[in-house]
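Reader: Can you zoom in on one part of this model for me, then place it in the wider fold? I'd like the cut-offs spelled out as you go.

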Amino acid sequence: MKVLGLKVIGHDTGAAIVDDSDGVVKLMAISEERLNRVKHTTKFPIFAIGTCLEQAGIGIDDLDAIVFNHRRNVYKLQTFFDFKSEFDSSRYDSYIGKSFKWPDKKVHIINHHDCHGASAYFCSPFDKATILVVDASGNEGESQSIYAAEGSDFNLLDRSYKRGIGALYEAVTNNILGFKGTGSAGKTMGLSAYGGKYSENDLSNKLQAVRSGIDLNYNHILDETDTEFLLKTEVKICDNKQDILNSIYSRVAFDIQKEAERQMLYLVNLAWEMNPCENLCIAGGVGLNCVANEKIKRYSKFKNIWIQPASDDSGIPLGAALYGYNKILKSSSRYRMKSAAIGFSYTKVEIQNLLDRFNINYIEITNKELADKISKGDIVGWFTGSSEYGPRALGFRSILCDPRKIENKDILNKRVKHREIFRPFAPVVKLDKANRFFDVNDTSPFMLFAKNVIEEVKTQIPAVVHFDGTARIQTVDKNDNSLLYDLLDEFEKITNVPVLLNTSFNDNQEPIVESPLDALICFYTTELDGLYLQGYYVKKEDNVDILDKLKNYKKSLLIQNKYDFINKYCYIED
């Protein structure tokens, strides 16, 4: 069976395909932003659809089902794609959605939270689990959902339509701290570490829910408009980022983070009461809060916890595809997600041809040689294997540097990332050496838990220790990512430290790089020292023309690919 999962409306659109035609359940997924190069894009995912179908070697007629989440109680396909009111907008490339060759009888439009829940459970290692979904708002205004799952099915136990902790966290992030735009909640989480030293203020007690079962009521502080969540407060938005670390704003970040931890633990305990089970699955945007996740792991009654690495809306297509495969088509086969690298890969021949096309000098390099360069201060772009799915770089599209020098945080920010100074950088560590540096006794392959750094080694890896003494770690097992593990091993042989600083391969305002061409453009746009491309190594050289040439080539490819996909998958009027 072959199922296409989509997110076609709203931010973070994308596509995913489940395919078991050769007897093994395979999953391929990618966000549209990785291909059209617009961060948190709202565009109809024509690039993601076209590329997924081409990579799978199938057409629309070969699909057994197409599944995506609806918006605002619009269930019928013909109504959904009338594209009136909110849909009739260039923001969504509505003309593509309206003209797409939808096989009507194969299309299923389902609930937003059901997609989130499916993305967690059907990827997990569990055959039986409780599922918790928490985000700012689903398609019907839902904020929290709890499910019981067993085998190839899962069922809703309870759901809240009150504005919950996700909505409040978003409102504080946007309208007090001034971090605008999708995906900014992580900035609030990073800032919160600085606020605990300040006394409570007028908002501290107001940022607490009135609980009633699954409902978290914030009506005393939160208003909702058609487009955003607003706060009933006299505290003015931080419009000068030089003030963000002062007692007002960092304390607000601290308070909302503590509230998130309290309420997530409350919801997890409620989920246990509704469906006591050893296993818990989590998805929804709040599932990316690694500090709250660590509290859940430490203090909840669940023995095993699995969180979808694409917990935010980027994971909706994946969940939709798995919902269609397991729940609609009732397949008893399961996909087990051991790695987030379920995007596309590129051969060494493709990379070599690209480098030769633009006369870019390169050499072949070993991990030992690369580790030596990093140990001597080089900041390196790391491109290998299939691209990661979700918002975090997990060792396939990463920027790597030496964690032993605290100044590397500022150097990396100034030369490449251009982020806020209070935001931490994450460590990647060999799994078998992780407990030497971090308070960890299990795997953490998806960078979803904030672990305490062992006091005695903080001075050895200061560039990845946050202000509160924690680190959002990623553990690497040799069986799951042998190339990165080997690089860490070579770095350890040189430095006695099996840890590297790992951040996403992108500049601040762009998506994580997807293709070798994207990697080259980011490399020449920033002040990276070197670029590793699946065994090839490019050094920065004076070449004033190369960046414009690369950008123009990328622009021409985008135009041509969009034209080709529209002609192939849409009805074209004469």
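Author: Helices here are DSSP runs of H or I with at least four residues, strands are runs of E with at least two, and both are numbered from the N terminus. With that settled, let's go to helix α15, which covers residues 482-495. Its 14 residues reach 20 Å from the first C-alpha to the last, close to the 20 Å expected at 1.5 Å a residue (the expected span being 1.5 Å times one less than the number of residues). Right after α15 comes Asn496, with a positive phi of about 70°.

Before going further, a word on where this comes from. It's a predicted model, so local features need pLDDT of at least 70 and side-chain atom pairs count only at pLDDT 80 or more, while totals for chains, interfaces and linings use all residues. Residues are numbered from 1 along each chain as its sequence is written, and side-chain values use heavy atoms, with hydrogens and water left out.

Back to α15: its buried residues are Leu484, Tyr485, Leu487, Leu488, Asp489, Glu490, Phe491, Glu492 and Thr495. Buried means under 20% relative accessible area, exposed is over 50%, and partly exposed is in between (1.4 Å probe, protein chains only). So the list mixes leucines with acidic residues such as Asp489 and Glu490.

A bit further along, Asn508 sits in the loop between β22 (499-504) and α16 (516-525). Asn508 counts as buried because its relative accessibility is 17%. Leaving out neighbours within four places in sequence, Asn508 contacts Lys39, Lys417, His418, Arg419 and Arg423, where contact means heavy atoms within 4.5 Å.

Met28, in strand β3 (residues 26-31), gives another example of a buried residue, again at 17% relative accessibility. Met28 and Gly343 are 315 residues apart in sequence, yet their C-alphas are 5.7 Å apart. Beyond residues up to four places away, Met28 touches Ala15, Ala16, Ile17, Cys52, Gln55, Ala56, Ile342 and Phe344.

Now the wider fold. The protein has 17 helices and 24 strands, and 61% of its 574 residues count as buried. Among contacts between residues at least 6 apart in sequence, 72% join residues at least 24 apart. The C-alpha trace spans about 65 × 55 × 45 Å along its principal axes. The radius of gyration is 23 Å, which agrees with the value near 25 Å for a compact globule of 574 residues; that radius is taken over C-alpha atoms, and the globule rule is 2.2 Å times the number of residues to the power 0.38.
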